[in-house]
Amino acid sequence: MVTIQRVQLSEAEALLAFSKKTFYEFFDHLNDPANMEAYSSVAFTPKRMVAELSNPNSEFYFAIADNEVAGYLKLNFNDAQTEFQDANAMEVERIYLSGEHHGKRIGKQLMDFALDIAQSKQLEYVWLGVWENNHKAMGFYERYGFEVFSSHPFLLGDDLQTDLLMKKPL
Ligand SMILES: CC(C)(COP(=O)(O)OP(=O)(O)OC[C@H]1O[C@@H](n2cnc3c(N)ncnc32)[C@H](O)[C@@H]1OP(=O)(O)O)[C@@H](O)C(=O)NCCC(=O)NCCS
């Protein structure tokens, strides 16, 4: 049984620990350790986590399975979106499950939840960025009708990578 619940400011520490853990779980073996450290020392700090949680245009959700955090979701609206800042759009900035929870349809529950929110706000489209080498996540997004429409550079330490931008009209 999985429940999805909004992450509270008081849970910043737990969210930070889970975000960092899952980031390393998936990307550490594919990248240079120094670049992982350079990126995460800026992206995953207590100060930044509190600021992101306090942004009224961002929403974080935990997926809880058996009383433990199995995954999380970050949604951005309006000027919290990392690009475009279109008022008629929502960005799925992060959707991550811990390794042992892959393939159990928890990702589906988080994505359905996100799409329901966008629909309830009568938005026109949902978009996201995904590393071009993350074929697993791209397959998952395609399953939900997302299509590549653009790309942008993403700097991981000193490694200039390419994120593909995918969009799903509602
Ligand atoms: C991507 C991720 C969220 C998907 O979650 P998941 O729980 O493994 O996926 P689910 O079991 O809920 O699958 C839901 C549906 O998507 C399909 N799917 C999942 N991965 C797929 C893939 N690579 N290709 C095609 N379909 C896929 C499933 O078959 C299922 O389809 P169905 O409803 O027809 O049976 C998860 O694997 C994850 O956390 N990955 C690592 C972190 C990451 O890369 N995040 C994205 C960063 S941009």
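R105 is exposed, with a relative accessible area of 54%, where exposed means over 50%, buried under 20% and partly exposed in between (1.4 Å probe, protein chains only). This residue is found in the loop between strand 4 and helix 4, and its phi is near 70 degrees, a positive value in a residue other than glycine.

The model described here is predicted: local features need pLDDT of at least 70 and side-chain atom pairs count only at pLDDT 80 or more, while totals for chains, interfaces and linings use all residues. Residues are numbered from 1 along each chain as its sequence is written, and side-chain values use heavy atoms, with hydrogens and water left out.

## Overall fold

The protein has 5 helices and 7 strands; helices (H or I, at least four residues) and strands (E, at least two) are DSSP runs, numbered from the N terminus. In order from the N terminus, the elements read β-α-α-α-β-β-β-α-β-α-β-β. The radius of gyration is 15 Å, close to the 15 Å that the globule rule gives for 170 residues, so the protein is as compact as a globular protein of that length. That radius is taken over C-alpha atoms, and the rule is 2.2 Å times the number of residues to the power 0.38. The C-alpha trace spans about 40 × 40 × 30 Å along its principal axes.

Of the 170 residues, 45% count as buried. Among contacts with a separation of 6 or more, 62% join residues 24 or more positions apart; contact means heavy atoms within 4.5 Å.

## Nonpolar cores

In soluble globular proteins, nonpolar side chains tend to be buried together. A nonpolar core is a set of buried Ala, Val, Leu, Ile, Met, Phe, Trp, Tyr and Cys residues joined through side-chain atoms within 4.5 Å. The largest such core has 30 residues, of which L73, L75, M90, V92, V130, Y141 and F146 touch the most other members. At least two residues each come from strand 2 (58–65), strand 3 (68–77), strand 4, helix 4 (106–120), strand 5 (125–131), helix 5 (135–143) and strand 7 (159–169). Helix 4 gives the most to this core, with 7 residues.

L75 touches N57, S58, E59, Y61, M90, E91, V92, A114 and I117, not counting residues up to four places away in sequence. A second, separate core of 20 residues includes F18, I64, Y96 and L156.

M111 lies in helix 4 and counts as buried at 0% relative accessibility. Beyond its neighbours within four places in sequence, M111 is in contact with I95, F140, Y141, Y144 and F146. M111 and Y141 are 30 residues apart in sequence and 9.0 Å apart in space, C-alpha to C-alpha.

## The largest pocket

The largest pocket holds about 1,300 Å³ of space. On a 1 Å grid over the protein atoms alone, a pocket is an open set of points where a 1.4 Å probe fits, with protein on both sides within 12 Å along at least five of seven lines; lining residues have an atom within 4 Å of a point. Grid points are joined across faces, edges and corners, and the volume is the space filled by probe spheres set on the points.

The pocket is lined by 50 residues, and F27, I95, Y96, N134 and Y141 lie nearest its centre. Strand 4 (residues 89–97) supplies the largest share of the lining, 7 residues. By class, the lining has 22 nonpolar, 15 polar and 13 charged residues. Ala, Val, Leu, Ile, Met, Phe, Trp, Tyr, Cys and Pro count as nonpolar, Asp, Glu, Lys and Arg as charged, and the others, Gly among them, as polar.

## Selected residues

The table places four further residues.

| Residue | Location | Relative accessible area |
|---|---|---|
| F18 | helix 1 (residues 12–27) | 7%, buried |
| N35 | helix 2 | 10%, buried |
| S41 | helix 2 (residues 33–43) | 40%, partly exposed |
| F84 | loop between strand 3 and strand 4 | 41%, partly exposed |

Leaving aside neighbours within four places in sequence, F18 is in contact with V69, A70, G71, Y72, Y96 and S98. The C-alpha atoms of F18 and D66, 48 residues apart along the chain, are separated by 16 Å. With the same exclusion of neighbours within four places, N35 is in contact with L156, G157, D158 and D159. The C-alpha atoms of S41 and W131, 90 residues apart along the chain, are separated by 20 Å. Phi of F84 is near 70 degrees, a positive value in a residue other than glycine.
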